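Work through the exercises below with the sequence and the model open. Each task is followed by a solution in steps.

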Amino acid sequence: MNRKDKQEQILRMSGVNARKCMRCGKCSATCPAYDEMEYHPHQFVYMVESGNIEPLFESESIYKCLTCFACVERCPRDVQPAKLIEAVRVMALRQQDNTHMKKGDLPMMLDEDIPQQAIVSAFRKYTK
Amino acid sequence: MQRIGVFVCHCGTNIAATVDVKAVAEAMKIEPGVVFSTDYQYMCSEAGQNLIKDSIKEHKLTGIVVCSCSPRMHEATFRKAAQSAGLNPYMVEIANIREQCSWIHKDMIPATEKAIILGKAAVAKVHLNTPLTAGESPVVKRALVIGGGIAGIQTALDIAEAGFEVDIVEKQPTIGGKMTQIDKTFPTLDCAACILTPKMVDCAQNEKIKIYSYSEVEDVKGFVGNFSVTIKRKARYVDETKCTGCGICTEKCPMKKVPNEFNLGMDNRTAIYIPFAQAVPKVATIDADYCNMLKNGKCGVCQKFCTVGAIDYKQKDTFVEEKYGAIVVATGFNPIKLDNFDEFAYSQSKDVITSLEFERLTNAAGPTSGTLLRPSDGKHPHTIVFVQCVGSRDTSGCGKTYCSKICCMYTAKHAMLVREKYPDTEVYVFYIDVRTPGKNFDEFYRRAVEEYGVHYIKGMVGKVVPRSDGSIMVQASDLLSNEQLHISADLVVLAAAIEPDKSARSLATMLTASMDTNDFFTEAHPKLRPVESPTAGIFLSGVCQGPKDIPETVSQASAAAAKVIGLLAKDKLTCNPCVAEANEWMCNGCSSCEKVCPYGAITYSDKEFRMPDRTTAIRRVASVNPAVCQGCGACTVACPSGAMDLKGFSNSQIMAEVDAICK
């Protein structure tokens, strides 16, 4: 997947329009995990919008976000940075070491108690 | 049979790039009644107009169709041209093939087809057009200004200067508006009161100006040149004609715990009060919500001490009816409520204040006599944080989507004043963008940074937390150094967004003047008619039209005055002859039209009719006053028997257009 496809997929998964950002930095001003993060919420928005996504995949920051949604609550432009960070995180998980789950493995894993949604989300997370 | 000429305009490439104008002109030639059809590059140019004039004479045209831009743009131009060639101006029809065709389509083939259809519809209408003659209506040579802030004051002074009578209606006990609460004005730092109060006095002393203070507009009827307005004079329980403004009542009043709105509730006033020393008119007003005498009949102290007997506890609201030729709206603004912004702790700490409150704290007539002290403990603040864009440029639904425009400049002013008076104070300004266009504005802001050492930090404040030791923790972004800052502040000042005054919405309904989604009045044209409302005779002055600072407000106020003077200088206005007319034979006297008419132009009367059997019957029928009718057409839709018709837009003309389009 090239740079542009990745950017598009992240934007689609998150439902975020990063162009709405007016670069006020209120997301990072309100972020309780700020000191833990190498890239801060406003940088996530800016870097995704400019297509500079690789460094985010490499960074621990995607796991430091608490998903507390303070940034979503406070953003004056309704950009929803936490959703964007979540999308980057999901995408990073999906592409780690290619495919972790094959279709053929599925019947063995099934039992009556597994919700269908869990299977679907497992596929989304662990397959390329 | 009419002899119709069709003129197709290229409008440069505006139309010609999308519509095949030659094909349109050609197609129109075969329409019934069309004896001449041509196209030209700019029909509105002098050469184009001459083409129309010459063709009317040469081909003995009885009606013309111009396929061009919107009639709002050039209908008047072409009507005038036709008139000068001896044709009745109402025999001109415009087919709008620009706004409604070339500008909205890309493909030439269907666009050309549509242009031809629009042309055919106009031709079909011209066949049924009849020559109309415009009447005249007189102009009442008096103007009404609603709102007595700096905008209203300037407009009134300028209108009075031209020799016309003008009334100001102000809902507060004094004129002056928000500017009375401001300490200094940017970018020159002269004192607001020093430049405003002389203007207020001028208003009071000008023979041509009448001030209705503590009054509101209750009802508006009529139309341009002839408005009839009901003004409610709220009971102030003090006889304005007797009160000398000596102020003894305000000293003696025992009810001393009323939040003082002039100082935004930061100190108290008495129940009988004069808002401030330079109030105009300088008369006392009793606040009925707090006065013991009015609430439970016990007290009467002010009446006892008043040496001129001005106190009247039995005063009632009164209503005044006045006629005006023009109305200027100058209803101004208020800072927004900050309930949606809990993160800034405005409601939790007395030391988190709005910028307008800050103005009062630095004003010599304010609650602290101009010494900057914290509202909570009266101590000098040593670290002050200013937060910009609180509720401005906010599309999340919590605030306002627009830029409030004035905050960047007044915050630079506040920051500068603090550093000048108290150099030991650290001042931080958190901004998203600094917007300082205007004469000497950017230089002013740079002075705050370069000469006064104000710390401007690019980034927003995310969280304000009042702490038990009295300090306030401010957590913010510094985007340029990519840091999160934690500042321990003594005072936080929020630049709250501004919004139109709440009274504007109901006023707009009364005036049938349009507003945008933010409740700002819309102007007739955003660039070329910025001080007129689309409703004839209604003019706009100040922030009611959009955020603006004092210099801009004063310019607009004078511009609105110029427009009013232009209107009042006329003795008569030409009426629109496209008015409603009742067919008395078809009218069944049901009054449906009378009920829907927004102008009160329709009356009913009993008339004698000769019936077919030669008897005489008396029937109740509608008649329209053509001087009052504005041609809105509401009655023609309401009439169940089809007796109402609008001249120039008759039912048969519109049906002919529809038929031509559907053919």
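The exercises cover domains, strands, single residues and salt bridges.

This is a predicted model, in which local features need pLDDT of at least 70, side-chain atom pairs count only at pLDDT 80 or more, and totals for chains, interfaces and linings use all residues. Residues are numbered from 1 along each chain as its sequence is written, chains are lettered from A and ligands numbered from 1 in the order in which they are written, and side-chain values use heavy atoms, with hydrogens and water left out.

**Exercise 1. Domains**

Task: State how chain A and chain B are divided into domains, and how far apart the centres of two domains lie in each chain.

Step 1. Domain bounds come from an automatic or database domain assignment.

Step 2. In chain A this gives domain 1 (3–96) and domain 2 (100–128). Their C-alpha centres are 27 Å apart.

Step 3. For chain B the assignment lists domain 1 (4–128), domain 2 (142–234 + 317–332 + 501–568), domain 3 (248–305), domain 4 (334–499) and domain 5 (580–647). Between the C-alpha centres of domain 1 and domain 4 of chain B there are 59 Å.

**Exercise 2. An open sheet in chain B**

Task: Give the order of the strands in the sheet that holds S24, S25 and S26 of chain B, and say which strands are at its edges.

Step 1. Helices (H or I, at least four residues) and strands (E, at least two) are DSSP runs, numbered from the N terminus. Two strands pair if DSSP finds at least two bridges between them.

Step 2. The sheet is open, has three strands in the order S24-S25-S26 (chain B), and is paired in the antiparallel sense. Strand S24 (461–466) and strand S26 (483–489) of chain B are the edge strands, each pairing on one side only.

Step 3. From one strand to the next the twist averages 20 degrees; axes are lines fitted to C-alpha atoms, for helices over the stretch in contact, and angles run from 0 to 180 degrees between N-to-C directions.

Step 4. Seven bridges connect strand S25 (residues 472–478) of chain B with S26(B), and the pairing is antiparallel. Ala476(B) has Leu485(B) in S26(B) as its bridge partner.

**Exercise 3. Strand S2 of chain B**

Task: Is strand S2 of chain B largely enclosed or open, and why?

Step 1. Buried means under 20% relative accessible area, exposed over 50%, and partly exposed in between (1.4 Å probe, protein chains only).

Step 2. Strand S2 (residues 34–40) of chain B is largely enclosed by the rest of the structure, because five of its seven residues are buried.

Step 3. Strand S1 (residues 4–9) of chain B runs parallel to S2(B) and is joined to it by six bridges. Ile4(B) is partnered by Val34(B) in S2(B).

**Exercise 4. Two buried residues**

Task: Describe the surroundings of Phe57(A) and of Asn88(B).

Step 1. Phe57(A) belongs to helix H4 (residues 54–58) of chain A. With a relative accessibility of 11%, Phe57(A) is buried.

Step 2. Contact means heavy atoms within 4.5 Å. Apart from neighbours within four places in sequence, Phe57(A) is in contact with residues including Lys6(A), Ile10(A), Val88(A) and Met91(A).

Step 3. Asn88(B) sits in the loop between helix H3 (71–84) and strand S4 (92–96) of chain B. Its relative accessible area is 19%, so Asn88(B) is buried.

Step 4. Not counting residues up to four places away in sequence, Asn88(B) touches Pro131(B) and Leu132(B). A polar atom of the Asn88(B) side chain lies 2.8 Å from the backbone nitrogen of Tyr90(B).

**Exercise 5. Salt bridges**

Task: Which residue of the pair Arg269(B) and Glu261(B) is buried, and which is partly exposed?

Step 1. A salt bridge is a side-chain nitrogen of Lys or Arg within 4 Å of a carboxyl oxygen of Asp or Glu. The count over all chains is 37 salt bridges.

Step 2. Arg269(B) and Glu261(B) form a salt bridge, with 2.6 Å between the closest N and O atoms. Arg269(B) is buried at 8% relative accessibility, whereas Glu261(B) is partly exposed at 41%.

Step 3. Compare Arg529(B) and Glu532(B), whose side chains form a salt bridge at 3.2 Å, N to O. Here Arg529(B) is partly exposed at 36% and Glu532(B) is buried at 12%.

Step 4. Arg142(B), Glu165(B), Asp167(B) and Glu322(B) are joined into one network by salt bridges that share partners.

Key: Polar contact = N/O pair within 3.5 Å; in protein donor to acceptor, adjacent residues only side chain to side chain.
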